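Got the model loaded in your viewer? Let's walk through it together, one piece at a time.

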Amino acid sequence: MDKKSIVLLTGIGVAVFVGVLALGLLFLAPTSNAKPNAPAQAVAPKIVATQVAPVSAPTVAVNAPAPTTAPAVAANAPAPTTAPSGGMGRGRGMAPGQEPGGLVAMAADGKTTIPAPAGSNLAANMATQTVRDLNITIALTPYPPVSFQTGTFDVTLKDTAGKAVTDAQISLDLTMPGMWMPPSKPDAKHLGDGKYQASARWTMRGLWRIETIITRGSQKYSAFFDVWL
Ligand SMILES: [Cu+2]
């Protein structure tokens, strides 16, 4: 055989090999997902929401697309009108797909929730904590927050005597404990009387951490709040 035919034969060999491989893949691929000839119903997206749904909330199998990027969150479940009154389970330890909301104040370790002070009777969209001589209260609107919508963050600052703190600079740092997210650090504007306001878009469902970064003179404060949406 001359060089030319060897090259030609090798070429054909490779082509046949690739062809067989492609064919194999073609047959294998559909079986791993769904049977191509199965009736349409069988192909219907099975949302595997490993979730103990509250009886009242309809188990909505949601927006099927893109299971590769989106976590299996059974979303858009209507918000409970009344939030659980206790600190139990609010925000912490909830599996994806469990009830939205659950705003809690978090300690700086990012793990310990700070229960609302006894008798404070805060609305569900509010949480509060004291860092040194500052009491920081946050209120989220709408509540529970809605993904892909802009949320409003109202921060109220008081000193330990209950007097409004009007001379602070506040910015927020919104992160997700579970993953890296593009930075979202809106500044808050002082509306007067120790009430500051910022807004930012919730770019994703899941557990969010809101850090309120407060500068007052030479003093710096950080207060964390977690919320599910
Ligand atoms: Cu995220």
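Which residue in β5 is the bridge partner of Leu 140? It's Phe 153. Keep in mind as we go that what you're looking at is a predicted model. That pair is a handy way in, since the two strands it links come up again and again below.

Let's zoom out for a moment. The protein has two helices and 11 strands, and if you read along the sequence, both helices come before the strands, in the pattern α-α-β-β-β-β-β-β-β-β-β-β-β. Of its 229 residues, 23% count as buried. As for how the chain comes together, take the contacts between residues at least 6 apart in sequence: 53% of them join residues at least 24 apart.

Back to the strands. β4 and β5 run antiparallel and are joined by eight bridges. On to the next pairing: β5 and β9 are also antiparallel, this time over seven bridges. You can pick out individual rungs here, with Asp 154 partnered by Gln 197 in β9 and Thr 156 standing opposite Lys 195 in β9. As a general reminder, strands of a sheet pair through backbone hydrogen bonds, either parallel or antiparallel.

Put those pairings in context and you get an open sheet of five strands, ordered β3-β4-β5-β9-β8, with antiparallel pairing. At its edges sit β3 (126-131) and β8 (189-192), each of which pairs on one side only. Ignoring direction, neighbouring strands in this sheet are turned against each other by 25° on average.

Now for what's packed inside. In soluble globular proteins, nonpolar side chains tend to be buried together. Here, the largest nonpolar core has 30 residues, and those with the most contacts inside it are Ile 138, Phe 153, Val 155, Ile 210, Phe 225 and Val 227. Several elements give two or more residues to this core: β1 (101-106), β4 (134-141), β5 (150-159), β6 (169-176), β9 (195-201), β10 (207-216) and β11 (219-228). The biggest giver is β11, with five residues. Notice that Phe 153, our bridge partner from the start, turns up among the best-connected core residues too.

Val 155 is worth a click of its own. Leaving out residues up to four places away in sequence, Val 155 touches Ile 136, Ile 138, Ile 170, Ala 188, Tyr 196 and Thr 212. One of those, Ile 138, is another of the residues with the most contacts inside the core.

Finally, have a look at some backbone oddities. The loop between β4 and β5 holds Pro 142 and also Pro 144. The peptide bond joining Thr 141 and Pro 142 is cis, with omega about -5°, and the one from Tyr 143 to Pro 144 is cis as well, with omega near -5°.

Then there are two residues to check on a Ramachandran plot. Asn 121 isn't a glycine, yet its phi is positive, about 50°. Asn 121 lies in the loop between β2 (113-114) and β3, and Asn 121 counts as exposed because 9 other C-beta atoms lie within 10 Å, where 12 or fewer is the cut-off. Arg 132 also has a positive phi of about 50° without being a glycine. You'll find Arg 132 in the loop between β3 and β4, and Arg 132 is exposed too, with 8 other C-beta atoms within 10 Å.

Technical notes:
Residues numbered from 1 in each chain as written. Predicted model: local features only at pLDDT ≥ 70, side-chain atom pairs only at ≥ 80, totals over all residues. Core = buried A, V, L, I, M, F, W, Y, C linked by C-beta atoms within 7 Å. Buried ≥ 20, exposed ≤ 12 C-beta atoms within 10 Å, placed from the backbone. Helix = DSSP H or I, 4+ residues; strand = E, 2+ residues; numbered from the N terminus. Contact = placed C-beta atoms within 7 Å. Pairing = 2+ DSSP bridges. Axes fitted to C-alpha atoms, helices over the stretch in contact; angles between N-to-C directions.
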